[in-house]
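User: Could you walk me through this protein, one question at a time? I'm new to reading structures, so keep it relaxed.

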Amino acid sequence: MTLVQPPTDRGLLLHRPDDDEWALRVTLAAAFRLGYHLDWNRVISNHISARVPGRPDWMLMNPYGLGWNEITASAIVTVDLGGRILSHAEAELAPAGFNFHSGILKARPDLNSTIHVHAAAGVVIACTMGGLVIVDQTGCHIHGEVGYHEFEGFAQEEDEVPRILRDLGDKHLLIMRNHGLLSVGSSVQEAFMYMRRLIAACELQERLMATGAEIRPIPQEVLDLTRRQIVQKKQKRSYSDVEWRSYLRLAESLDPGFAR
């Protein structure tokens, strides 16, 4: 059996990434390693994608066959939004993942990154009739940011993409019922932080549900007030960038090899 081995530097790619693309590859590789560390994904499925700077018709995405713990900057695939792989001679992409990741980036030039995971707590909440309930202060960060999309089978059919976009609307998060979770952002950092908060909210709700106790709701007016307070705080500094720097330090402490 031949193991899939990721390349170790940009010189082994079919095209020569410029400095901006390489920096994005490193950021993306860190996000994969962190997602694995946080137990968002422990298999070869699920994806994180990002639009290539200066090339709105190109995106980066993990190749089919590598676990998130194996991803390096040079292993990530450059592909155009039509599906033509530009960086690796024999790389494959998962059809369902490429379909809706590329579809979102193609339709939404304001977005530059998408994350899709089957984190266990997220799937639990995706399989409940009521969906997500915001029950704590931290969860208020995503109040009003969560849409829902019905399960239609593997999301590899092109005609499902418009419905995913419709259900996402102007939000940053989508619970794909009986399936998993999706986040989007203007950057990898933003999409990552939205996903982190969504998974944390799902984990908390799952634990509360397991107690069998009645869940104490936050009044709607308090949810709305707290959300407005959060919006005001975000005007002072970018939460995504501040938090990401701490996560990047964590990724480097776990294994700096992701940047190869």
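**Helices, a pocket and some single residues**

Analyst: Sure, let's start with a helix pair: the axes of H1 and helix H5 (residues 188-211) come within 10 Å and cross at roughly 15 degrees. Keep in mind that this is a predicted model.

User: Are H1 and H5 roughly parallel or roughly antiparallel to each other?

Analyst: Two packed helices are described by the angle between their axes and the distance between the axes. Here the angle to look at is roughly 15 degrees. Angles under 35 degrees count as roughly parallel. So H1 and H5 are roughly parallel to each other.

User: What is the handedness of the crossing where H1 passes H5?

Analyst: The angle between these two axes is roughly 15 degrees. As for the handedness, H1 passes H5 in a crossing that is right-handed.

User: How are H2 and H4 oriented to each other?

Analyst: The axes of H2 and helix H4 (residues 161-168) come within 9 Å, and they cross at roughly 60 degrees. The crossing of this pair is right-handed. Roughly perpendicular would need 65 to 115 degrees, and roughly parallel would need an angle under 35. An angle of roughly 60 degrees fits neither range, so H2 and H4 are oblique to each other.

User: How much space lies in the largest pocket?

Analyst: Rolling a probe the size of a water molecule over the atoms shows where empty space is left. For the largest pocket, that space comes to about 310 Å³.

User: Which residues that line the largest pocket are the closest to its centre?

Analyst: There are 18 residues lining the largest pocket. Those closest to its centre are Ser-45, Ala-96, His-118, Phe-154 and His-179.

User: Which helix gives the largest share of the lining of the largest pocket?

Analyst: We've already met this helix, since its axis comes within 9 Å of the axis of H4. It spans residues 95-107 and gives four residues to the lining, the largest share. That helix is H2.

User: How many residues of the lining of the largest pocket are charged?

Analyst: Asp, Glu, Lys and Arg are the ones that count as charged. The lining divides into eight nonpolar residues and ten polar ones. The number of charged residues in the lining is none.

User: What is phi of Asp-39, and is the value positive or negative?

Analyst: Most residues other than glycine have a negative phi, and most peptide bonds are trans. Asp-39 is found in the loop between helix H1 (19-37) and strand S1 (47-52). Asp-39 isn't a glycine, yet its phi is positive, near 70 degrees.

User: Is Asn-46 buried or exposed?

Analyst: Asn-46 lies in the loop between H1 and S1, and it has a positive phi of about 75 degrees although it is not a glycine. Its relative accessible area is 3%. Buried means under 20%, so Asn-46 is buried.

User: How far apart in space are Glu-21 and Leu-60, C-alpha to C-alpha?

Analyst: Glu-21 sits in helix H1, and at 3% relative accessibility it counts as buried. Glu-21 and Leu-60 are 39 residues apart in sequence. In space, C-alpha to C-alpha, they are 9.0 Å apart.

User: What separates the C-alpha atoms of Ile-215 and Gln-205?

Analyst: Ile-215 is found in the loop between H5 and H6. At 29% relative accessibility, Ile-215 counts as partly exposed. Ile-215 and Gln-205 are ten residues apart along the chain, and their C-alpha atoms are separated by 8.9 Å.

User: What about Val-231 and Val-77: how many Å apart in space are they?

Analyst: Val-231 is in helix H6 (residues 220-236) and is partly exposed, with a relative accessible area of 38%. In sequence, Val-231 and Val-77 are 154 residues apart. Their C-alpha to C-alpha distance in space is 35 Å.

Key: Residues are numbered from 1 along each chain as its sequence is written. This is a predicted model: local features need pLDDT of at least 70, side-chain atom pairs count only at pLDDT 80 or more; totals for chains, interfaces and linings use all residues. Side-chain values use heavy atoms; hydrogens and water are left out. On a 1 Å grid over the protein atoms alone, a cavity is a set of points where a 1.4 Å probe fits but cannot get out, and a pocket is an open set with protein on both sides within 12 Å along at least five of seven lines; lining residues have an atom within 4 Å of a point. Grid points are joined across faces, edges and corners, and a volume is the space filled by probe spheres set on the points. Buried means under 20% relative accessible area, exposed over 50%, partly exposed in between (1.4 Å probe, protein chains only). Axes are lines fitted to C-alpha atoms, for helices over the stretch in contact, and angles run from 0 to 180 degrees between N-to-C directions. Angles under 35 degrees count as roughly parallel, over 145 as roughly antiparallel, 65 to 115 as roughly perpendicular and the rest as oblique. A crossing is left-handed if the near helix is turned anticlockwise from the far one by less than a right angle, and right-handed if clockwise.
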